[in-house]
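Student: I'm new to this one, and I'd like to go through it bit by bit. Please put it up for us.

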Amino acid sequence: MRPMYQRLNLFIDGRDAYTFVPIEPLGAQSLTVHRATGDIVLSPPNKAFPSGSTRYEKTIYGILGMISLALSEYIIILTGREHRARLMGHDIYRAAEFDILPLNPNISVQYPPHPVEGHLLALVRSHLSSGHFLFSYTFDLSRRLQAQWNEMEEDARRPLWARADDRFFWNKFLQSRLMNTEIAQELSSYILPIIYGTFDLRTVYIHGHKLQLCLISRRSRYRAGTRYFRRGIDREGHVANFNETEQILLVEEQAAGHISNTENFTHKLSFVQTRGSVPVYWAEINTLRYKPDLQIMDLHDTVDALQLHLQEQVSLYGEQCLINLVNQKGHEQPVKEAYERAVTQVELPDVKYQYFDFHNECKYMRWDRINILIEKVGEDLLKLGYFHLDLSQAEPMKSQKGVVRTNCMDNLDRTNVVQAALAKWTLNLQLKDLGILTEGEELDDFQALTRDFREMWADHADLISKAYAGSGALKTDFTRTNKRTKVGALEDGYKSAMRYIRNNYFDGARQDGFDLVTGAWTPRKNPITAVSLLADSRPLTIRSAPYIASFSLFMICAGLTLPRTSGKSILALLRLRSNNTLQTIPSFTILCSGS
């Protein structure tokens, strides 16, 4: 396998070419992209670049790919990275800063010559800056540990991009220009795969054992998008907001009573869960009301689409335990009924459906009643198991035979609480199976580990929620503290208001960014034919609503915060007016004075 180049210098040969030169190792083959033709070529080792070239001011940490817009093709490069942690000897980074380079020498990224091109560039920039992208030069972040173990022999012959899980290879569309060339294998050191997800890692010590707890989520690039623009399933069996979440536990053997800075993990354990939109045809249409209009499409191929989805899940993960948390009354009831109608018609022996009325069971802040659900699926959790690799053994000690797939309406807040509860139950089981927790001990007996676990899952919930709904997750006070509080309820009210504003007024552009970067939509080459992108055909009352709401909020804040004028001042102003000294008193002054 060719190693990835981790740092590059960029040289710009006037209007002719971009040349990427690896900083390490010295003398490696450089990559040249010709601006006039878009041709991609590898130069011979140690080849000198043109003397007239100018060096780009920033170090390049990777090439994310190329995208074609209305007037030009562009190269997206990574110019900033944030080191998150070191997992099993591999450095994990978050992509932090990006630059966009035009191939057309007559195009300026800062000052595009046409408003359509400027709009498209803004969509790309917004998507890159608002997303949470993760990568490693030496480790495949897109696949769970068990999948990597199963394909270990094949991986030894494949480059990093060829190993990546197709669902979670977020920039696969951007990298297609490099991957589809005849020299793709030779270009492997330049093709950097990234995932859209979350990553956290904490280290704790229990009874002399060094433990690392890691949490990774991976968002599918299929049917990707925002809350009200992507719901349900498509004809290929892909569902909206599909995320795979893996909790990894690394354990060292007994330490000799001291804290170790070295990594010598002899046990590697993995527990995987999934979440995804209710897998039927349904949608919610924005109408500026808090609850949008719900539409259930009972199409003839609903069951076929659900069958495709579940067959894929079974082939990838094994048995499926479907947990549905959608309300059985009110606004959500039609979604629950449509799901149950479809799932009863699917004939798959490895699929089990379990309903849990979350809001009814846990009302009045009785969130401890989630244990009722855990009792219902306890046997399934034991049967599905988890992956356990003991490095002293030639084969894994255990394999995970299936996953729990959880959903609510948005697959965010209720789903987060349930997944965290299932992960905690499994972590407790793993520590007991390893003999680290003795008889009578529980996870909650160890404050540092419990705190880290809760913080990781709460942060994980917030990031997934921001990606889909535009705000942090609700109910995270329970995840962080194991208690539902009134302060948490107030915070949820604020987050709900932010979701309403963003989902109704800003998610259209966000959805366009998702579609553009993932290749779900490609712009036409002639910008004149794409002017409709800049036009807003909605009624004036809808378009003006954000401005009216903003002005009203400003006036309310002004009335609450500006100093009040005394009654004497008002009388003085009126007296001045009667004497024709002051001809005009602004109406807003009188309003504020009398408030």
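Student: In the hairpin of strand 3 and strand 4, which residue takes a positive phi?
Tutor: Quick note first: this is a predicted model, where local features need pLDDT (the predictor's confidence in each residue, from 0 to 100) of at least 70 and side-chain atom pairs count only at pLDDT 80 or more, while totals for chains, interfaces and linings use all residues. Residues are numbered from 1 along each chain as its sequence is written, and side-chain values use heavy atoms, leaving out hydrogens and water. Now find the five residues between the two strands (strands are DSSP runs of E, at least two residues; helices are runs of H or I, at least four; both are numbered from the N terminus). The one with a positive phi, near 80°, is Gly-38.

Student: In strand 4, what is the bridge partner of Thr-32?
Tutor: Strand 3 (residues 31-34) pairs with strand 4 in the antiparallel sense, over three bridges; pairing takes at least two bridges found by DSSP. Look across from Thr-32 into strand 4 and you land on Val-41.

Student: And which residue stands opposite Tyr-18 in strand 3?
Tutor: Here strand 2 (residues 17-22) is the partner, joined to strand 3 by four bridges, again antiparallel. Opposite Tyr-18 you'll find Val-33.

Student: Which strands stand at the edges of that sheet?
Tutor: Five strands form an open, antiparallel sheet in the order 4-3-2-1-5. Each edge strand has a single partner, so one of its sides has no neighbour in the sheet. That describes strand 4 (40-42) and strand 5 (54-55).

Student: How many residues of strand 19 are buried?
Tutor: Buried means under 20% relative accessible area with a 1.4 Å probe, counting protein chains only (over 50% is exposed, in between is partly exposed). In a regular strand, side chains alternate between the two faces of the sheet. On one side of strand 19 sit Gly-402, Val-404 and Thr-406, on the other Val-403, Arg-405 and Asn-407, and both faces are covered. For this strand (402-407), the buried count is six of six.

Student: Which residue in strand 19 does Gln-320 stand opposite?
Tutor: Gln-320 brings us to strand 16 (residues 319-324), which runs parallel to strand 19 with six bridges joining them. Strand 13 (residues 265-275) also runs parallel to strand 19, through two bridges, and there Thr-274 faces Arg-405. For Gln-320, the residue opposite is Val-403.

Student: The buried residues of helix 7 fall within an arc of how many degrees?
Tutor: Those residues are Val-335, Lys-336, Ala-338, Tyr-339, Ala-342 and Val-343, and they pack against elements including helix 6 (302-317), strand 16 and strand 19. The arc is taken from the directions between the helix axis and the C-beta atoms. Seen down the axis, they line one face of helix 7, because they fall within an arc of 165°.

Student: What supplies the largest share of the largest nonpolar core?
Tutor: A nonpolar core is a set of buried Ala, Val, Leu, Ile, Met, Phe, Trp, Tyr and Cys residues joined through side-chain atoms within 4.5 Å. This one has 41 residues, and Phe-358 and Leu-431 touch the most other members. Several elements give at least two residues each, among them strand 10 (195-206), helix 9 (370-384) and helix 11 (447-469). The largest share, eight residues, is from helix 10.

Student: Leaving aside neighbours within four places in sequence, which residues is Gly-385 in contact with?
Tutor: Gly-385 sits in the loop between helix 9 and strand 18 (387-390), and it is buried, at 16% relative accessible area. Its C-alpha atom is 8.5 Å from that of Thr-426, 41 residues away along the chain. Contact means heavy atoms within 4.5 Å, and the partners are Phe-271 and Gln-400.

Student: How many disulfides does the count come to?
Tutor: A disulfide needs two cysteine sulfur atoms within 2.5 Å. Among the cysteines, Cys-214 is buried at 1% relative accessible area and Cys-408 at 2%. The disulfide count is zero.

Student: What pLDDT does the protein chain average?
Tutor: Residues 566-574 and residues 580-595 stay under 50. Where pLDDT is low, the predicted coordinates should not be read in detail. Still, 85% of the residues score at least 70, and the chain average is 87.
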